[in-house]
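Work through the exercises below with the sequence and the model open. Try each task before reading its solution.

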Amino acid sequence: MTNTAITQQKGNTVEGTIKDDNGEPLIGVSVLIKGTSLGTITDIDGNFTLEAKKGDMLEISYIGYKTENIKVTGTKIKLTLKEDTQNLDEVVVVGYGTTSKRKTTSAISSVKSEDITKAPVSNITQSLAGRAPGLIVTTSGGGLGKNASISIRGGGTPLYVIDDIISEERDFQNLNPDDVDQMTILKDASATAVYGARAANGIIMVTTKQGKTGKMNVNYNFNYNLSEPSYLPKKVGSYDAAFYVNQSQLDDGMAPTYSDEVLQKYKDGSDPYNYPNTNWQDVCMRNFAPEQRHNLSISGGSENLKIYTGLGYYDQESIYRTNSNDMQRYNLRVNVVGYFREIGLKVTTGVEGYIWDMNEPYSHQGSGYYTTWSHIQNKRPFELAYNKYGQIFSGTNDSPLVDISDDGGYIKQEQSTVKTNLGLEWDVPRLPGLKLKALGSYTIMNDRNKQWQKTPFSYDLEGNPNTPGKPNLSKNLYYYRNFTTQFFADYNQTFKALHTIGATFGIEASGSDSDISSLSRQEYLLDVDQIGAGPVSTAKNGSSEAVRYRRAALIGRIKYDYAAKYIVEASIRYDGSDYFPKGSRWGTFYSGSLGWVVSEEAFWRDLKDKHIFDQFKIRGSYGEIGLDGSEGRLGRYEYLPSYNLSERGGYIGQAFVPGFSEGGLVSTDISWYTSKNMNIGFDFASLNSRLSGSVDYFRMATTGYLASPSNVGYTDPLGKNLPKVLSDGESIRQGFEFVLQWKDNIGALKYDVSANFTWYDNRWNINPDEAETSLKNPYQRNTQVGSYWGLGLTNDGFYRDLSDVMNSPKRPGSTNLVAGDLKYQDFNGDGIIDGNDQTRIGTAGSPRGNYGININLDYKGWFMNMLWQGATSYDIEMGQILRGGNSQYLPIIYDFQTDYWKPGNTNARYPRLHSSAGINGSNNYQTSDFWLVNAAYLRLKTLSIGYDFKHKLLKNVSWLSKCSLSLAGYNLLTFSPAKKYGMDPEIGDGSLYTYPISRVYSISLNLGF
């Protein structure tokens, strides 16, 4: 605050004028009497009038300017507000260092830590959808502990860096959201190249919380959630199911299976054990599944020692009516920062540990959600669930009650991880700006998997038990260790207040090892789930030890900026990986970027003074990143001649003996892939920085692919595939993204609205594995074409009548075609529908456009956060069971399937009814665009509403620093064309053979002491 004048006059009316640094009046400035709801805003001339008493404190705030608090001592106020550059100067964590938003030349996004904790979800991956441009989060089905798939700009799995240490993907997935302080998304080569081999798909950097100087703070957060399926189509009952079976048979000229008398018994339920009407969804599922989360953190410290400790517990149950499926996660984190100021040394150390436990049922019918949910869906309603004694009925095959029974077997999975790190940072005496850094990290992962396969008893109508199969037991033990060491010299200094030079040089080495063992025994005679209780004659065991990888790198980066106006940055990494043979293990990769803050130029002054553009920066980058094939392109030791070991390599002396067979031929061209990345973007702020945003265009080209000539038409002269050779293959991924934000206040109401959108496409510019015959077909090739779902026929609607059938091209195998059957386009015009008529169909198998709209409101202690998230068109292929094309099941399972072709309903959703798929040679169930479901969607991803009791009601309770209560929801509303086909757009399975996507309701309590 500057130039503040208060003149004493009679009366209690305060008048004032508020201007900016240039003397221009500020319109819409909020002037509020603190601790009350009384306030006003300035008019077009920056003036305001307010009734206030002497001694009242006025809070004066305006977006883009620093908030001022002044005491009323008179009735006249003149005030000049200073611009708030804190947002531009906010520290952003980047590779091996930090920068500020003002000076960054890279494509970087960030996710606020408070936004992560607002979503009532089981893990951090599910809370990120729609939060930042370039960050693409997709869900494929639900379930306990389900992790969303994360991509940056449509690439593969990104690299996760937590507290400057490259981490496993599961370390990120098991992060306690309450421990996160900052999350940064690094998207272009200038930001990621310094991380080398695994950074081509972008980087998610996380900084966890540290203690702060001051008194000890204790925070406790509690969440209680109830989840239900977001969308679950209801199955038809026995009467309707039997009716449509009869109808399908009549339509095919067959006698109906169910008589009118039987139909009536299904309808009135007069004989429930012989003519049942079982709702398998209700039998197996309860209405809601409970979840709870507890988080406790303790932090504080002095100028020389700061400590943060976080404890977390999460418990999740399934929607099953039994207790056979549950998940728990335990988190511990301790971060300590110590300062030895006499010698300029900073020491950081951290310990993180987590345990993830999952229990799920396992019987001889199978395990996993695929098994259970396929049985829940496919069981006919006229199959009995329980006998008259309430026992599982044995006459029903593949009963889902057997799948989920508490009396059956189980699969217990446990992931245990302990990570430690130690960092040293020394400010070199008498060399201002020079720091030497060392960092080491060591991780131990111990995982266990125990599978007790046991089928519970089921009973006939009279209560007689069946004889289930004998139990089997297997145990798998996994041990991993990872280590990382870093040594860096970092220099950063500003000369004459204009020239800032930064340089970072260092070395990094990392590695990982594994030790895996397995034990199993089968056909247990005793119901004892221990290895020693099983028959020795069935015992099996196995083990493997491996060096997972070794990597090393020399890293350099320099940066120069002039008056924070012209910014230049360059980096180089000399990368080494043992995925390659000696002589090819090292590669040199580099990046460069430029930034021009145009709004600091003299010719821009008028635009800046009028707040047309308060800030405008243009940036561009180019870089090359090496890929070592660890993401699946190369086998671990593919550069070595190999032999395959078989336990049954031969049969000698009436017994199998182990033996070897020769592996594949070795390529002499195995070396680095190269990803060439380009990014152009601009950032801006306007209207007193109330409106801000950024726009980026990106393009990535990957080369260095190996290909085998055997895949493109050559014969195999040695009886094996020819060795892979370096090809001219090139894949391209490109697109654009933007984010816009409006931040303002209306009196005491503070609000901000932001929207982000990302679109990308990837294609083969040259596909080295595509055969020449495919390349010559412009309608089937996948080289130099955009995204599509796959190859299939194009439907031409339904046959109208017999004349249409007789005079249209048909599949050679299609028979007994009539009106209402599917008709296909004869694409090549040869009069026959066959594989030559298949073309590229659909838009894509995953969405190419993703977006989010975020709204925040804050008013006198009340707060609200709303996130809408969505995706553009992509396709899910409807499974055979939902098409009605599987003769082992019902033609109609769900009500939405009743919209089938019949006279009077010729514009139907489905072809005519069939008693079996083969009745017309499976004509209607060929792969075609007819069965592709558009899964574009918009959904209310999260909604949180709450009240901060410290705002007013408890503001004078000194021992309580925080007290807020909120209600939240997740996946509350969904709009999608997929719903009319019984699908949630993120279900990921066209047959619905998976745990449904969840809708969650939550209540949260946050306390601080």
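Four exercises with solutions follow.

This is a predicted model, in which local features need pLDDT of at least 70 and side-chain atom pairs count only at pLDDT 80 or more, while totals for chains, interfaces and linings use all residues. Residues are numbered from 1 along each chain as its sequence is written, and side-chain values use heavy atoms, with hydrogens and water left out.

**Exercise 1.** Determine which side chain of opposite charge is nearest to Glu624.

Solution. Start with the location: Glu624 belongs to strand E31 (residues 615–627); helices (H or I, at least four residues) and strands (E, at least two) are DSSP runs, numbered from the N terminus. Next, Glu624 is buried, where buried means under 20% relative accessible area (1.4 Å probe, protein chains only). Lys676 is the nearest side chain of opposite charge, 4.6 Å away, and Glu624 has no salt bridge. A salt bridge needs a side-chain nitrogen of Lys or Arg within 4 Å of a carboxyl oxygen of Asp or Glu; Lys and Arg count as positive and Asp and Glu as negative, with His and the chain ends not counted. Finally, the side chain of Glu624 has a polar contact of 3.2 Å with the side chain of Tyr622. A polar contact is a pair of N or O atoms within 3.5 Å; within protein, one must be able to donate a hydrogen and the other to accept it, and residues adjacent in sequence count only if both atoms are side-chain atoms.

**Exercise 2.** Find the side chain that makes a polar contact with the side chain of Asn223.

Solution. Asn223 lies in strand E18 (residues 214–229). Asn223 counts as buried because its relative accessibility is 12%. The partner is Ser1004, at 2.5 Å.

**Exercise 3.** Establish how many residues of helix H7 (residues 368–378) are buried and what they pack against.

Solution. Nine of the 11 residues of H7 are buried, among them Trp373, His375 and Ile376. These buried residues pack against helix H6 (280–284), strand E23 (366–367), helix H8 (400–404) and helix H12 (880–883); contact means heavy atoms within 4.5 Å.

**Exercise 4.** Identify the element that gives the largest share of the largest nonpolar core.

Solution. A nonpolar core is a set of buried Ala, Val, Leu, Ile, Met, Phe, Trp, Tyr and Cys residues joined through side-chain atoms within 4.5 Å. The largest such core has 45 residues, and Tyr258, Leu882 and Tyr910 are among those that touch the most other members. Helix H4 (238–251), helix H5 (260–268), strand E42 (822–824) and H12 each give two or more residues. The largest share, four residues, comes from H4.

Conventions. Buried < 20%, exposed > 50% of the residue type's maximum accessible area, 1.4 Å probe, protein only.
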